[in-house]
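Please look through the structure below with this briefing at hand. The points are grouped by topic, beginning with the interior and moving outward to the surface.

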Amino acid sequence: MAKKGEQSWKEWDEEWQKHKESVFFDKFIEGVNGKAKKIKFSKGASAKYTLVLHTKWIYAGWTGFVTQPAKLSSEMIFVETENPSKVLTKVQGDKIEGIGSKGSYRMEYGRISAAYEKTGKELGKAIKNALK
C-alpha cells in the first residue's frame, strides 16, 4: 500500500465513519425497497414491526487490475416495535457479494456498501416471494 499523508488518512477515516453510521444501512434500505414492492422500509418510521440488521462478518474485497467484490454475512431480525424481545423471524445472509450496484468499487467502503445493497435486494426478493 502506498504511503499516505496524515490528511489522506483523516479524509479516509471521515468517509469510513460516514459509511458506518449511515451509508451502509441506507444502501441496504435502497436494495430491499427496490425488490419488496408491497412493503416499504425506512429509518425511524413508526411501524408495528422493526427490522434489526446485525452485521456478522465483512470481507472488504479489493480493486486493482480486476475487482474482488466485498462480501457480507448478516442476520436480519424482525421484531415487534413495542416489544423487541418478541422475535417474528430471523433471516441469515451468508457471504453475499456486493455485485450489481451502481456504486463506486474503488474504495473498500464503496464495495462494502454494494454488499449491503445486495443483501437488501436478496431480502426484498424473499419478501416478494413470500407475499405471492
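The largest nonpolar core of this predicted model has 20 residues, and those with the most contacts inside it are F28, F41, L51, Y116, L123 and I127. A nonpolar core is here a set of buried Ala, Val, Leu, Ile, Met, Phe, Trp, Tyr and Cys residues joined through side-chain atoms within 4.5 Å, where buried means under 20% relative accessible area, exposed means over 50%, and partly exposed lies in between, with a 1.4 Å probe and protein chains only. At least two residues of this core are supplied by each of α1 (6–35), β1 (49–59), β4 (71–80) and α2, and the largest share, 6 residues, comes from α2.

Residues are numbered from 1 along each chain as its sequence is written. Because the model is predicted, local features need pLDDT of at least 70 and side-chain atom pairs count only at pLDDT 80 or more, while totals for chains, interfaces and linings use all residues; side-chain values use heavy atoms, with hydrogens and water left out.

**Overall layout**

- The protein chain holds 2 helices and 5 strands, which follow the pattern α-β-β-β-β-β-α when read along the sequence; helices (H or I, at least four residues) and strands (E, at least two) are DSSP runs numbered from the N terminus.
- Taken along the principal axes, the C-alpha atoms of the protein chain fill a box of roughly 50 × 30 × 20 Å.
- The protein chain has 132 residues, of which 33% count as buried.
- T67, which lies in strand β3, is 13 residues from E80 in sequence, and the two are 40 Å apart in space, C-alpha to C-alpha.
- T67 counts as partly exposed because its relative accessibility is 42%.

**Salt bridges**

- A search of the whole structure finds 11 salt bridges, a salt bridge being a side-chain nitrogen of Lys or Arg within 4 Å of a carboxyl oxygen of Asp or Glu.
- Side chains of opposite charge can pair when their charged atoms come close.
- E15 and K18 meet through their side chains in a salt bridge of 3.1 Å, N to O, and because they are 3 residues apart in helix α1, about one helical turn separates them.
- Both partners of that bridge are partly exposed, E15 with a relative accessible area of 24% and K18 at 41% relative accessibility.
- In helix α2 (residues 108–130), the side chains of E122 and K118 form a salt bridge of 3.5 Å, N to O, and because the two residues are 4 apart in that helix, they are separated by about one helical turn.
- E122 is partly exposed, with a relative accessible area of 30%.
- E97 forms a salt bridge with K71, their closest N and O atoms being 4.0 Å apart, and this pair links distant parts of the chain, with E97 in strand β5 (residues 87–97) and K71 in strand β4, 26 residues apart.
- Here again the partners are partly exposed, E97 with a relative accessible area of 31% and K71 at 21% relative accessibility.
- A network of salt bridges links K27, E30, E117 and K121.

**Surface patches**

- K35, K37, K40, K128 and K132 form a positive surface patch; patches are made of residues with over 30% relative accessible area and no salt bridge, like charges being joined within 9 Å and nonpolar side chains (Val, Leu, Ile, Met, Phe, Trp, Tyr) within 5 Å.
- For this purpose Lys and Arg count as positive and Asp and Glu as negative, while His and the chain ends are not counted, and the place of a charge is taken as NZ of Lys, CZ of Arg, CG of Asp or CD of Glu.
- One member of the positive patch, K128, is placed in helix α2 and is partly exposed, with a relative accessible area of 43%.
- W62, F65 and V66 make a nonpolar surface patch of about 400 Å², the accessible areas coming from the Shrake-Rupley method with a 1.4 Å probe, and for residues only the protein chains shown count as cover.
- V66 is found in the loop between β2 (62–63) and β3 (67–68), and at 45% relative accessibility V66 counts as partly exposed.

**A backbone detail**

- K95, found in strand β5, has a phi near 50°, a positive value in a residue other than glycine.
- K95 is partly exposed, with a relative accessible area of 48%.
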